[in-house]
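Let's take a walk through this one together, from the whole chain down to single residues. Keep the viewer open as you read.

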Amino acid sequence: MEIKTVKMGINGEGIGYINKKPVFIEGALPEELVEVEILEETNSFCRAKAISIIEPSPDRIRSECRYQNDCGGCPLMTMRYKSQLEYKKTLLEEALYKYGGVKRDLVREARSSEYVTGYRSSLKLPCQNSNMRLATGMYFKGTNHFQPIHECLVHHPDLEDARKQVIEALNKARMQAYDAKSMRGLRYIVMRIGDDGIQCTLVTGKGRIPSMAVKQIMRIKGIRSLFHSVNTTRGGVELFGTMPKKIAGEDVIHVELGEISLALSPDAFFQMNIEQARELYKMAVSKVDPCNVVVEAYCGAGAMSLMASPKANHVYGIESVQSAVDNANANAASNNIKNVTFMCDDAADGLYKAARLDGVDCLIVDPPRSGMDDKMLEAILHILPKKIIYVSCNPATLGKNIAVLKKEYKIVSVIPFDMFPNTPLIESITVMERG
């Protein structure tokens with residue numbers, strides 16, 4: 001069956017129509033004539049896979065990734081980068097208009113990433129035995145079929161080189177992949193690169209990491225530390241089981257954000273594209289007006305709270321994960337910043353506490369993909385900060401949150417940032433002021 005695609009879907013697939021019914025076509029770009037295989041059909045849509053590209057889009061390029069058709073992690077690697085930015089901006093505009101009634105002309109041009117490949121500063125990969133050796137890879141979407149991936153083009157080159165050497169060291173030490181019956185073996189490798197080196201965490205079942213492997217891993221160029229987490233949970237979504245415990249090297253690695261040096265432990269959240277994160281945080285903080293009190297909700301390790309400290313008499317950072325709060329407090333101390341207070345609390349409860357102490361002039365929020373919950377939205381509309389700076393990684397939930405906040409706030413601008421080239425994901429900063 002041949003279908004002409006007309007636009008791009010939120011997962012990077014091409015969308016065409018059969019008798020006015022949308023068909024979501026994996027592997028197709030907009031403006032292509034493709035031969036498809038129908039994988040699923042419902043009353044409202046079809047899901048299909050491109051078998052061959054009969055008339056390619058003018059935006060189509062050849063992917064350099066040999067796993068392009070197997071991995072699924074970078075569906076837009078076959079599209080010119082300039083066109084990726086244009087389509088992502090369109091997806092953001094459509095979602096904000098659909099869910100929040102935001103006019104398209106409020107969305108600025110997307111800020112491009114300096115690096116289109118080699119930008120990813122962290123990796124979290126499952127491990128399996130392949131040809132009697134440990135290998136990292138990915139699972140096919142919606143299945144338990146493991147695809148070994150021996151090289152990834154979007155990983156930072158130094159991180160990718162270290163990953164290969166870590167796998168080799170583990171194979172020399174005769175480590176095996178995790179076995180659910182015995183609850184022993186290696187489940188995941190988690191690695192992150194900072195400005196001063198690489199942090200590596202091995203997630204295993206019961207048992208210790210062989211000393212031979214520890215020694216060899218710590219000899220790898222760039223490796224600063226090695227951590228161990230035990231996870232024997234069946235079917236869980238969390239990578240770490242026990243809190244990562246250091247078995248060699250340094251406690252943290254560092255990322256420089258202007259005048260701020262941010263220390264990161266293995267479980268601390270930080271953006272995966274460090275160069276672009278610097279630009280995004282810089283832009284977000286630039287929107288903070290000099291004031292008495294700034295509150296950052298969902299603050300993680302405290303990056304934007306610390307960067308905003310010169311603009312306020314006091315800054316409150318709110319985070320629900322205690323280890324992240326500990327990390328943030330350590331970052332404040334190491335940077336000799338004394339006007340920032342971090343609290344471990346639910347976002348809404350923490351916002352109420354900060355408001356009772358000093359009032360709130362400016363609120364920075366950087367929630368997870370699910371966006372802010374009803375309790376947080378209610379707290380904002382009760383306290384009514386003068387300005388809100390909303391960092392979002394999900395256009396749909398951003399739009400839904402804006403629809404609620406529009407009762408009291410007007411949208412000044414929406415600034416897209418491409419944190420993840422070759423994927424359909426788009427980050428954004430929305431600036432809102434009291435209407």
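**A loop, then the whole chain**

L384 lies in the loop that runs between helix 9 and strand 19 (387-392). Bear in mind as you look at it that this is a predicted model. The backbone there has something worth a look: phi of L384 is near 55°, a positive value in a residue that isn't glycine. Most residues other than glycine have a negative phi. As for how covered it is, L384 has a relative accessibility of 23%, so it counts as partly exposed, since that class sits between the 20% limit for buried and the 50% limit for exposed.

There's a second residue with that kind of backbone. N336 also has phi near 55°, again positive and again in a residue other than glycine. You'll find N336 in the loop between helix 7 (322-334) and strand 17 (340-344). With a relative accessible area of 56%, N336 is exposed.

Now zoom out. The protein chain holds 10 helices and 21 strands. Its radius of gyration is 23 Å, close to the 22 Å that the globule rule gives for 435 residues, so the chain is as compact as a globular protein of that length. If you want a box for it, the C-alpha atoms fill one of roughly 65 × 60 × 35 Å along the principal axes. Contacts tell a story about sequence distance too: among those with a separation of 6 or more, 61% are between residues 24 or more positions apart.

What about the surface? The protein chain exposes about 20,600 Å², and carbon and sulfur atoms supply 49% of that area. On the charge side, there are 55 positive and 52 negative side chains, with the centres of the two sets 4 Å apart.

Next, the inside. Of the 435 residues in the protein chain, 54% count as buried. In soluble globular proteins, nonpolar side chains tend to be buried together. Here the largest nonpolar core has 48 residues, and L257, F270, Y281 and I429 are the ones that touch the most other members. Helix 5 (residues 274-286) gives this core its largest share, seven residues. Which residues does Y281 contact once its neighbours within four places in sequence are left aside? They are L257, F270, Q271, A303, M304 and M307. Apart from that core lies another one, of 33 residues, with V295, M343, L377 and A379 among them.

For a fully covered residue, go to L92, which has its place in helix 2. Its relative accessible area is 0%, so L92 is buried. Not counting residues up to four places away in sequence, L92 touches V107, P395, V414, P416, I426 and S428. For a sense of distance, L92 and S286 are 194 residues apart in sequence and 22 Å apart in space, C-alpha to C-alpha.

C74 is another buried residue, this time in a loop: it lies between helix 1 and helix 2 (81-100). With 15% relative accessibility, C74 counts as buried, because the limit for that class is under 20%. Leaving aside its neighbours within four places in sequence, C74 is in contact with Q68, V154 and N422. Look also at P424: 350 residues separate C74 and P424 along the chain, yet their C-alpha atoms are 8.3 Å apart.

Two loop residues round off the tour, so back out to the surface. P58 has its place in the loop between strand 5 (46-55) and helix 1 (68-71). Is P58 buried or exposed? At 57% relative accessibility, P58 counts as exposed. The C-alpha atoms of P58 and E32 are separated by 8.7 Å, with the two positions 26 residues apart along the chain as the offset.

The other is S370, in the loop between strand 18 (362-365) and helix 9 (374-383). S370 is exposed too, with a relative accessibility of 57%. From S370 to D105 the sequence gap is 265 residues, and the C-alpha to C-alpha distance is 25 Å. Helix 9, which follows the S370 loop, also precedes the loop that holds L384, and that brings you back to where you started.

Technical notes
Residues numbered from 1 in each chain as written. Predicted model: local features only at pLDDT ≥ 70, side-chain atom pairs only at ≥ 80, totals over all residues. Heavy atoms only, no water. Helix = DSSP H or I, 4+ residues; strand = E, 2+ residues; numbered from the N terminus. Rg over C-alpha atoms; globule rule 2.2 N^0.38 Å. Buried < 20%, exposed > 50% of the residue type's maximum accessible area, 1.4 Å probe, protein only. Contact = heavy atoms within 4.5 Å. Areas by Shrake-Rupley, 256 points an atom, 1.4 Å probe, with all protein chains shown as cover. Lys, Arg positive; Asp, Glu negative; His and termini not counted. Charge placed at Lys NZ, Arg CZ, Asp CG, Glu CD. Core = buried A, V, L, I, M, F, W, Y, C linked by side-chain atoms within 4.5 Å.
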